[in-house]
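Got a minute to look around a new structure? Here it is, followed by a few questions and answers.

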Amino acid sequence: MAKGVRSAEPRGEEGTLYVSSAGQTFTQPRIDADRILKYQDNIYLAGALDKQQRILFQDRKRFAVRGIDENGEDVPDLTSALTAMCRRPEVDLWFSMQVAWRESATWGPALFNPVWDWEGGEYVLQRLRHLPSETFSSAGGAMSIIRNPILPGICLGEEGEVQFWQTQPDGMVRQLTNVVMMSDPVRRGLLGGKPLILPVIPIITMLNFSWTGQMQQNNRLGAGGLYFIKVTNPIGDDKQYAQQIIKNISRGVGYQLRQNMEIVNLGIAETTTAAETIRILDSLIANYFSPSSAISREGTLIGGSAGPEYDLYMSYVMGQQSWVEAAFERLLDPYLAANGWDGCSVVVDIPEPSADMTKTWIDVVKAGYETKTMGLNERREALSRCGIELGDLTPEEQAALMDEFGVLSDTAQEMGMRRAELMTRIAGIDRLDPYAMVSQDDQVRFFRQTLGLPREDAREE
């Protein structure tokens, strides 16, 4: 090859590049298993997933696995057998479903190894082993080029079948054959499904970048602003000594300025740019994982009087729960055919979050009283829906209650309260004012008459 002749074209940098206003740069990360493994415990990401998981899986007491016949009627014996099987410590369906949802949200697919075997004359699920998604991050021996880009151990074989290649503790990659893969069918696009967290991975990267910038800014401005060390007629290692001071500023290291050195403060105070950026990025993550951003409105609250907003919120929750329920119903199907439950099916029921309806029922009671459309016992029964067990009153108990609170009718009580309120305002007038409307004696007599007390002159008689 002749000298000076290049054998190949030069190749430049590829990928998305971000340039900040301060001149700093960072690239959008390539999202792979290592990146997700690094970020899954990030405080922003883990916090958002924890909150949503607690919403979706709130009430274990009402969680149920039922067997129903072709008419949708409960089959008690089948329900009892399924419940006992799913409560086995090695199965623990309640927590296995939470693991499935969390794995799908983080990685896309959730992978399990179900171990079925006969116990006497019954075919049962003995163990349900969770297979960590990150152990499928290495490609196996399949020749297909169609692989999960995040978990290449999940791929298609030569005949189009899904294969699972897991990295073993000894580092060897081994194909597994008894694997059940679950994922949200809505999040398609990758073999095994897209992770719920996929769109926020770049935001996490930006957050880390912003926090790094914030810490650098705090260190740089730790002495109250941006400043320089002025060195006059430097000799020897004066320059290196000044650089050492700048480098260790705000680290609790004490240095003494030399005679030819002085601090020059430029008066540039710390800005809030990085902190504001962090706040905005944090809100982006919170809004992405929470349905409240789409349904929240000023003056309305979930569980309050905002019926449509609450319905939309519950639709979101049930949508998330439904695919998990369906996936585990399919997982338990082998129990039916093997044990002779033909024509039956499995129903997995994750309880929906219950709203606090206390305010609603109190409003109902108030409206029933004010419109005279609810009797006393009806109002007491409505209050019992708030957890206040009052029970019905007998006619004698109702009469005693009326005696305790006064015998005036509702109309008379209301009229008396209005007159008393008017008199209270009149009583606030200075009685030494010659234009006062009533005297102090008139006030006393009026109050006694309003409250039903005997007249003073009658009492003296």
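Q: Is the crossing of helix 2 and helix 4 left-handed or right-handed?
A: First, this is a predicted model: local features need pLDDT of at least 70, side-chain atom pairs count only at pLDDT 80 or more, and totals for chains, interfaces and linings use all residues. Residues count from 1 along each chain as its sequence is written, and side-chain values use heavy atoms, leaving out hydrogens and water. Helices are DSSP runs of H or I, at least four residues, numbered from the N terminus. With the near helix turned clockwise from the far one by less than a right angle, the crossing of helix 2 and helix 4 is right-handed.

Q: How far apart are the axes of helix 2 and helix 4?
A: Helix 2 covers residues 43–56 and helix 4 covers 93–107. They pack at about 145 degrees (axes are lines fitted to C-alpha atoms over the stretch in contact; angles run from 0 to 180 degrees between N-to-C directions). Their axes are apart by 11 Å.

Q: Which residues of helix 4 meet helix 2?
A: Contact means heavy atoms within 4.5 Å. On the helix 2 side, the residues include A46, L49 and D50. Their partners in helix 4 are Q98, W101, R102, A105 and T106.

Q: Which residues outside its neighbours within four places in sequence does M97 contact?
A: M97 is one of the residues touching the most other members of the largest nonpolar core, along with L93 and F328 (such a core joins buried Ala, Val, Leu, Ile, Met, Phe, Trp, Tyr and Cys through side-chain atoms within 4.5 Å; buried is under 20% relative accessible area, 1.4 Å probe, protein chains only). Helix 9 gives the most to this core, with eleven residues. Beyond those sequence neighbours, M97 contacts F57, F63, V324, F328, V348 and I350.

Terms used. Buried < 20%, exposed > 50% of the residue type's maximum accessible area, 1.4 Å probe, protein only. Helix = DSSP H or I, 4+ residues; strand = E, 2+ residues; numbered from the N terminus.
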